[in-house]
Amino acid sequence: MNETSAALSATRWPPAAPGETDWLRELTDDDGLTGFMPPGLPDAAWVLHSMYEHELGPTDMPYLAYQRAVLNGGGPEIIPGLDPADVFTDTPGEHPGPRWRRLRWAELTRRTGDPVVPEGHLPCPTSFPAIKPGGWPVGIKAPSEGTLDRPDWDRLVDALTEHSPRGARTPCLAYYNPLLQRAEDFDEIHVRSGTLADAKALYDHPEEDGWTPSNLWARDRSWVLCTDHDLWATKVAGPTPLIEALLDDTHLEALRLPWAT
């Protein structure tokens, strides 16, 4: 956690009234347990969460089998050239290190023969049928579930800033679903208010345990994003110029899902 950013977010993102989410409840006809998933307003794109590949490439050993072998005392000899530290010591949400590179979903699907997202489905742990649950190979870090990595969050905030009439001064609200609080309190609704100028600092908010918001939206409701707790992607709903900018962005990997607009 960046301590300077944490102090900034604690000051610039104070709690807001729980009723600020009422319009999302009405819009989505949902209780927001995993996040409020908006329809296209009027357009939408899905930002796929990043995955990474080790310089050795994928191996024949599933991650869970490798984890057991390391816990049983194994080391670099398990997979020659791969130090367990490369696999287990990275910081969640951050780039995993110099021996790792970004692996695009499109690149992996070309290897597996799967579609990027199967028709009728959403990006989630079942998105790659050729890779069985629990069978992700050591050498590939699967996308994060329910939260964006910091580089993607920062770039998404930049895009929202570029396509909001008030730019960095755009007033925003952030909602965190109760599952992010370990499901300890379903009655206290976590909503915070701030501006896009300070939205990157939300990544380090000391009271939100390293999660990006389940929903972030402009106070004028011109756009809204949702990072559902169970998904590997963040939906951004808003005007078409914003959506097209996300689709054309060279850092983010985004796509339209016609069945999930």
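The following paragraphs describe the sheet, the nonpolar cores and two local sites of a predicted model. Local features were considered at pLDDT of at least 70 and side-chain atom pairs only at pLDDT 80 or more, whereas totals for chains, interfaces and linings use all residues. Residues are numbered from 1 along each chain as its sequence is written, and side-chain values rest on heavy atoms, with hydrogens and water left out.

An open sheet of 7 strands has the order 6-5-7-8-9-1-10, with antiparallel pairing; strands (E, at least two residues) and helices (H or I, at least four residues) are DSSP runs numbered from the N terminus, and two strands are taken to pair if DSSP finds at least two bridges between them. Strand 6 (190-195) and strand 10 (254-255) stand at the edges, each with a single partner strand, so one side of each is left without a neighbour in the sheet. Towards the strand 6 edge, strand 5 and strand 6 pair in the antiparallel sense over 6 bridges, and A174 stands opposite R192 of strand 6. Helix 7 packs on the sheet, where it touches strand 1, strand 9 (233-238) and strand 10, contact being defined by heavy atoms within 4.5 Å. The direction of helix 7 makes about 25 degrees with that of strand 1, the axes being lines fitted to C-alpha atoms, for helices over the stretch in contact, and the angles running from 0 to 180 degrees between N-to-C directions.

Strand 9 has antiparallel partners in strand 1, over 6 bridges, and in strand 8 (residues 224-226), over 3 bridges. V236 of strand 9 stands opposite A45 and is also the bridge partner of L225, while a hairpin of 6 connecting residues joins strand 8 to strand 9. Of the 6 residues of strand 9, 6 are buried, where buried denotes under 20% relative accessible area, exposed over 50% and partly exposed the range in between (1.4 Å probe, protein chains only). Both faces of strand 9 are thus covered, with A233, K235 and A237 on one side and T234, V236 and G238 on the other.

The largest nonpolar core (a set of buried Ala, Val, Leu, Ile, Met, Phe, Trp, Tyr and Cys residues joined through side-chain atoms within 4.5 Å) comprises 27 residues, of which W153, L160, L216, W223, V236 and L246 touch the most other members. Two or more residues are given to this core by each of strand 1 (43-48), helix 6 (150-162), strand 5 (171-176), strand 7 (215-218) and helix 7 (240-248), and helix 6 gives the most, with 5 residues. Apart from this core lies another, of 18 residues, among them L48, I140, W232 and A233.

Within strand 1, D43 is buried, with a relative accessible area of 12%. The side chain of D43 makes a polar contact with that of T240 at 3.1 Å, a polar contact being a pair of N or O atoms within 3.5 Å in which, within protein, one must be able to donate a hydrogen and the other to accept it, residues adjacent in sequence counting only if both atoms are side-chain atoms. With residues up to four places away in sequence not counted, D43 touches V236, A237, G238, P239, T240, I243 and R256.

In helix 5 (residues 105-112), W105, L108 and T109 are buried. Seen down the axis of helix 5, the buried residues fall within an arc of 100 degrees (taken from the directions from the helix axis to the C-beta atoms), so they line one face of the helix. These buried residues pack against strand 1, strand 2 (51-54), strand 3 (100-103) and strand 4 (140-141).
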